[in-house]
Amino acid sequence: MSNTPMAANPLTRAVLEIDEYASGLGWDQPARLFALVDTARLRVQEPALAAQLGLTEEPETTGLTPIEQDEIPAGKPLDEFLATIAWPDSVVGCALTVERLMLPPTAEASVPQGLSDKKLAAWVAAHPDRQEVRMTVAVLRDGTRDSAVRLREKDAPKEVLTGSGLVPGLAEALSATFAE
């Protein structure tokens with residue numbers, strides 16, 4: 001992904017590559033799940049797949065290659081779906097990109113108590129300060145995490161926020177897919 005900036009570490013770079021890929025698909029997309037594999041290991045163990053992914057032309061580097069998985073079933077809650085995931089040993093991490101509505105912290109005090117999930121979602125969707133965001137969260141087997149958040153109203157590569165603690169709940173859910 002040629003427009004992805006060089007990042008300090010392979011996990012951040014993978015998160016930014018996935019964010020760039022999702023950005024190219026546009027908004028209003030379903031959640032997408034990715035396996036993260038060690039690029040050097042992939043070249044050795046699966047040369048045909050590495051060639052298909054265009055990895056044979058890249059310089060030898062340590063890095064992670066995101067491989068998109070089958071579509072997440074529509075209508076199934078994300079947490080229930082993630083609870084069914086088990087990764088083979090060759091997968092060193094995983095990532096998920098998902099779009100959500102988000103409210104600023106100042107709106108927390110005005111959230112009505114006792115709403116069902118469906119009514120809360122409707123309340124957030126109608127809130128004047130809501131913002132649409134795309135979150136890309138990645139975790140490694142060793143617990144390392146990183147994420148990128150892109151606001152729809154500031155949809156530009158230079159406006160993407162990155163950090164390991166931006167979406168802790170989703171990072172925990174992804175880490176649980178590696179629990180034995």
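Colleague: What is the volume of the largest cavity, and what makes it a cavity and not a pocket?

Modeller: The largest cavity comes to about 50 Å³. Keep in mind that this is a predicted model. For the name, ask whether a 1.4 Å probe can escape: in a cavity the probe fits but cannot get out, whereas a pocket is open. The count starts at 30 Å³, and 1 cavity makes it.

Colleague: Which residues line the largest cavity?

Modeller: Among them are Ala22, Leu25, Asp28's neighbour in sequence Gln29, and also Thr97, Glu99 and Arg134. Strand 3 gives the most, with 3 residues, and helix 1 is another element that supplies at least two.

Colleague: How do the residues of that lining divide into nonpolar, polar and charged?

Modeller: You get 5 nonpolar, 3 polar and 3 charged. Gly26 is on the list of lining residues, and by the rule used here Gly counts as polar.

Colleague: And the second largest pocket: how much space lies in it, and which element gives the most to its lining?

Modeller: About 330 Å³, and helix 5 is the top contributor with 4 residues. Strand 3 and strand 4 supply at least two each as well. The lining includes Arg100, Asp117, Leu120, Val124 and Met135. Sorted by kind, there are 7 nonpolar residues, 2 charged ones and no polar ones.

Colleague: Helix 5 also holds Ala126. Why is Ala126 called exposed?

Modeller: The cut-off for exposed is over 50% relative accessible area. Ala126 has 59%, so it counts as exposed. You can find Ala126 in helix 5, residues 117-126. Its C-alpha atom and that of Pro104 are separated by 14 Å, with the two residues 22 apart along the chain.

Colleague: What makes Asp28 stand out in its phi, and is Asp28 exposed or buried?

Modeller: Asp28 has a positive phi of about 65°, and it isn't a glycine. Most residues other than glycine have a negative phi. Asp28 sits in the loop between helix 1 and strand 1. Its relative accessibility is 56%, and the cut-off is over 50%, so Asp28 is exposed.

Colleague: Where else does a positive phi turn up, say in the hairpin of strand 4 and strand 5?

Modeller: At Gly143, with a phi near 100°. That hairpin has 4 residues between its strands.

Colleague: How do you know that strand 4 is largely enclosed?

Modeller: Buried means under 20% relative accessible area. In strand 4, 8 of the 10 residues are buried, so the rest of the structure largely encloses this strand. Strand 3 gets the same description, because 7 of its 10 residues are buried.

Colleague: How do you know that strand 3 and strand 4 pair?

Modeller: Pairing takes at least two bridges. Strand 3 and strand 4 have 10, so they pair, and they do it in the antiparallel sense. Take Thr97: its bridge partner in strand 4 is Thr136. Glu99 has Arg134 as its partner there. Strand 4 and strand 5 also run antiparallel, joined by 7 bridges, and one of the partnerships is Val137 with Ser147 in strand 5. Strand 1 pairs with strand 3 over 5 bridges, antiparallel again, with Leu36 partnered by Gly93 of strand 3.

Colleague: Which order do the strands of the open sheet have, and why are strand 2 and strand 6 at the edges?

Modeller: The order of the 6 strands is 2-1-3-4-5-6, with antiparallel pairing. Strand 2 (64-68) and strand 6 (161-163) each have a single partner strand, so one side of each has no neighbour in the sheet. From one strand to the next, the twist averages 20°.

Colleague: Which helix lies across strand 5, and at what angle?

Modeller: Helix 1, residues 10-25, at about 30° to strand 5. Helix 1 lies across strands 1, 2, 3, 4 and 6 too.

Terms used. Residues numbered from 1 in each chain as written. Predicted model: local features only at pLDDT ≥ 70, side-chain atom pairs only at ≥ 80, totals over all residues. Heavy atoms only, no water. Axes fitted to C-alpha atoms, helices over the stretch in contact; angles between N-to-C directions. Contact = heavy atoms within 4.5 Å. Buried < 20%, exposed > 50% of the residue type's maximum accessible area, 1.4 Å probe, protein only. 1 Å grid on protein atoms, 1.4 Å probe; cavity = no way out; pocket = protein on both sides within 12 Å on 5 of 7 lines; lining within 4 Å. Points joined across faces, edges and corners; volume = space filled by probe spheres on them.
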